[in-house]
Structure formats: C-alpha cells, structure tokens
Amino acid sequence: MPLRLRCLVAILSIAIPAAAQDRATELKVAFARAQHLRHGINASEWFAQSPQDYSAARTNRYTDDSDIALMAKLGFDNVRLSIDAAPLEKGPLGPDGLSADFVGRLDHAVDAMLANGLAVQIDIHPESDYKTKVRETSDGVERFVMLWRKLAAHYATRDPEKVFFEIMNEPEVRDPYRWAGIQARAAAAIREVAPHNTIIATGPNWSGIADLLTQQPLADGNVIYTFHFYEPHEFTHQGAGWGGTWWIYTHGIPYPATESSMQEILKQVPDAPNRYALEHYWLDHWDAHRIKLQMDAAAAWGKENGVPLICNEFGVYRRVTPEDSRMNWIRDVRTALEADGIGWTMWDYRGGFGVVWKQDGQPAKVDDKVVEALGLKK
C-alpha cells in the first residue's frame with residue numbers, strides 16, 4: 001500500500017471513531033435535556049400570529065409575569081415561545097442585528113420563564129408569506145439562516161440546559177428533501193454560534209407524524225425531534241374558520257363517535273363530498289386505541305434512529321366542541337404520548353385551545369378540567 005494511502009487510512013481510522021464518539025456524547029445530552037420538556041404549554045398569539053400588532057402595549061397585556069408564574073404553578077415544566085420572524089428584523093436594530101424593542105420584550109419573557117424554573121423552546125413561527133419565500137427562493141433561505149444565526153447567538157448566553165432552539169414551526173415545505181436541506185443549513189448556523197444548546201428539528205409540511213417519518217436525523221447529535229398531533233382534524237378543528245373550508249359549519253361532534261351520534265351532525269355540512277369526509281371520522285374508529293397506534297409509529301421512528309422525541313403541539317379548538325369529548329381526546333393523546341416516553345407541549349395557554357380563560361390585562365381563570373385531563377395538579 002502506498003505511503004499516502006496508508007496515512008489516509010490511519011487518519012480515517014482515528015477520525016471516524018472520534019466522530020461516532022462525539023455524536024454519542026451529543027445524543028446523551030439531547031436525551032437528558034428532553035427530560036426538561038415533559039409537560040409543556042404553548043404561549044401562542046403573543047409574539048407570533050398577530051401581524052397587525054406586536055406593540056408593547058399589546059404584548060405586555062396579552063401574557064404577563066403572573067401568567068408565567070401560573071404556568072409553573074400548574075405543573076408545566078416548559079413553555080414553547082412562538083416568535084414571528086418579521087418583527088425580529090424590524091428596525092431600529094440593536095448591536096445583535098435584531099429589533100431592539102421587540103427582542104427586549106422577548107428577553108423579559110424568557111428570563112421570567114427561566115426564573116420560574118421553566119425551560120423555554122425558542123420557536124421561529126413565521127407567517128405564511130415568510131414561509132413561501134423560504135420554500136420557493138434561495139434568498140428566502142439565506143434570510144432565514146441569517147436570522148437564526150443572530151437569534152441563536154443572542155440566546156446562547158442563557159442556560160443551555162433550559163433554552164432550546166426550534167428551527168421552524170410547520171414549515172409548509174412540501175418537498176421533504178428540500179426541507180431536509182434547509183433544516184440542516186439552519187441547524188449548522190445555530191451550532192456555529194450556540195455550541196451548547198439543544199436544537200429542535202421537525203418534518204416538512206405541517207410537522208405531522210407522516211412528515212417526521214420522511215426525515216433522516218441530522219448529523220448533529222444534540223437534537224430533539226418534534227411532531228404535531230391534531231388527528232382527526234374533523235373533531236379537533238370543528239367550528240374553525242381556517243383549514244378545511246367546511247369545518248366552520250360543524251359543532252357538537254363527539255369523541256369517540258358512533259354511527260347514531262353522527263347522523264344529525266352530518267347534516268351540518270352542506271355539500272356531499274365534505275359530508276363524506278366527515279362521515280369517515282367515525283368510520284375510521286378514532287378512539288384511544290387508534291391514537292395510541294399513531295403515537296407508536298412516531299416512537300418507532302425515534303427508536304430506530306436512536307433520537308429523542310417530543311410532541312410540541314396538540315389540542316382541541318374549544319369554541320363549539322363538547323367539553324367532555326374535548327377532555328377525553330386530550331387525556332387519550334396525553335396518556336398515549338406518556339406511554340411511549342414522549343414529552344408533550346399542549347396548544348395552548350389562553351387561545352382558542354386554551355388551558356385558561358383570560359382577558360388582556362386581567363388575571364387568568366384556570367380550566368380545571370383541562371388541567372386534570374393533562375394529569376397535572378392545580
């Protein structure tokens with residue numbers, strides 16, 4: 001064997017085991033830190049999902065320090081803090097290249113959560129227009145990666161045991177290979193400036209279980225993988241004015257359902273194709289066993305790939321859903337996740353899926369039945 005080739009083989013024999021050892025160490029960290037994300041709550045519609053108003057006057061009243069203290073008191077161990085991308089980039093910018101005013105308020109929220117013993121999922125939660133640019137253009141990807149480099153550097157100074165970086169909420173990228181490449185670039189940018197924090201990665205599209213199964217784990221071992229669960233949407237999104245155009249018509253759908261309980265409800269949907277779709281809700285036998293099988297599929301992917309999992313969104317739109325059915329579904333999903341050792345983060349704190357009722361600037365009123373369905377104690 002030529003000397004040069006012998007040298008190359010010798011180098012590889014050292015480098016490959018070292019790389020494997022590094023990944024094993026990183027995975028150990030990720031699994032350990034996943035224990036901080038067992039029972040979480042989404043702080044939604046606060047610093048994201050409100051493109052018309054991210055003013056201090058609104059955000060300071062929407063969710064405040066007393067709400068954060070209540071989250072901890074209820075037994076949640078982490079908060080998923082959704083952050084829109086656009087206001088992060090809006091001037092005047094601070095020395096870190098981020099909106100000084102907006103990030104100052106984010107800092108207060110993050111520090112209050114940490115002070116209350118809560119871990120924090122820093123979640124980039126952009127509007128659809130931003131996602132479209134990421135999905136369709138190279139410039140959009142560059143902008144997104146640059147944003148993460150700035151944001152991760154900013155929060156890398158906090159406790160890496162408790163501050164997690166979630167790459168993007170429901171990316172809406174239909175091509176799983178394109179999303180895998182975008183996610184790898186964003187993860188690399190985060191790791192350059194935040195070598196110790198754990199990253200949260202997801203699948204393409206809407207981050208469902210089927211989307212997660214399209215992905216291969218990142219080369220970086222210090223990563224937790226997440227999915228969202230709202231199945232079946234015909235139940236969880238009844239009465240919703242987004243998503244399926246006919247969901248707005250439906251109300252009073254029970255869980256679990258029977259043929260007799262659905263006969264009158266089917267009449268709520270005015271056109272035959274959508275009535276047929278709703279009919280499949282009960283034909284598909286959605287119950288605790290069905291949900292457990294779904295979770296088992298996600299757990300199997302995690303086990304096969306040797307990576308930790310969380311489900312950081314699940315919930316039921318509460319406006320017109322029967323209360324007992326909503327509690328049944330929440331309990332079934334939560335117990336299925338826990339049976340598979342998967343941490344969870346419920347959607348959401350005070351929004352349409354909430355664990356409390358709250359008016360801006362007023363104390364929150366806890367929904368004790370949701371707390372009970374989540375297995376927590378008030």
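Mentor: A salt bridge is a side-chain nitrogen of Lys or Arg within 4 Å of a carboxyl oxygen of Asp or Glu. This model is predicted. In it, the side chains of Lys131 and Glu172 form a salt bridge, at 3.0 Å from N to O.

Trainee: Which parts of the chain does the pair Lys131 and Glu172 link?

Mentor: Lys131 is in helix H6, while Glu172 is in the loop between E4 and helix H8, 41 residues apart. Both Lys131 and Glu172 are buried.

Trainee: Which residues are joined into one network by salt bridges that share partners?

Mentor: Arg80, Asp123, Glu166 and Glu313. Arg80 meets Glu166 in a salt bridge of 2.8 Å, N to O. Arg80 lies in strand E2 and Glu166 in strand E4, so this pair ties together parts 86 residues apart in sequence. Arg80 also has a salt bridge with Glu313, again 2.8 Å from N to O. That pair links strand E2 to strand E7, 233 residues apart.

Trainee: Is Arg80 buried or exposed?

Mentor: Buried means under 20% relative accessible area. Arg80 is at 0% relative accessibility, so Arg80 counts as buried. Glu313 counts as buried because its relative accessibility is 4%.

Trainee: What is the nearest side chain of opposite charge to Arg58, and how far away is it?

Mentor: Asp53, at 4.9 Å; Arg58 is buried but has no salt bridge. A polar atom of the Arg58 side chain does lie 2.4 Å from the backbone oxygen of Glu45.

Trainee: How do I read a pocket?

Mentor: Rolling a probe the size of a water molecule over the atoms shows where empty space is left. Here the largest pocket holds about 880 Å³ of space. Its lining has 32 residues, and Glu313 is one of those nearest its centre.

How values were computed
Residues are numbered from 1 along each chain as its sequence is written. This is a predicted model: local features need pLDDT of at least 70, side-chain atom pairs count only at pLDDT 80 or more; totals for chains, interfaces and linings use all residues. Side-chain values use heavy atoms; hydrogens and water are left out. Buried means under 20% relative accessible area, exposed over 50%, partly exposed in between (1.4 Å probe, protein chains only). Lys and Arg count as positive and Asp and Glu as negative; His and the chain ends are not counted. A polar contact is a pair of N or O atoms within 3.5 Å; within protein, one must be able to donate a hydrogen and the other to accept it, and residues adjacent in sequence count only if both atoms are side-chain atoms. On a 1 Å grid over the protein atoms alone, a cavity is a set of points where a 1.4 Å probe fits but cannot get out, and a pocket is an open set with protein on both sides within 12 Å along at least five of seven lines; lining residues have an atom within 4 Å of a point. Grid points are joined across faces, edges and corners, and a volume is the space filled by probe spheres set on the points. Helices (H or I, at least four residues) and strands (E, at least two) are DSSP runs, numbered from the N terminus.
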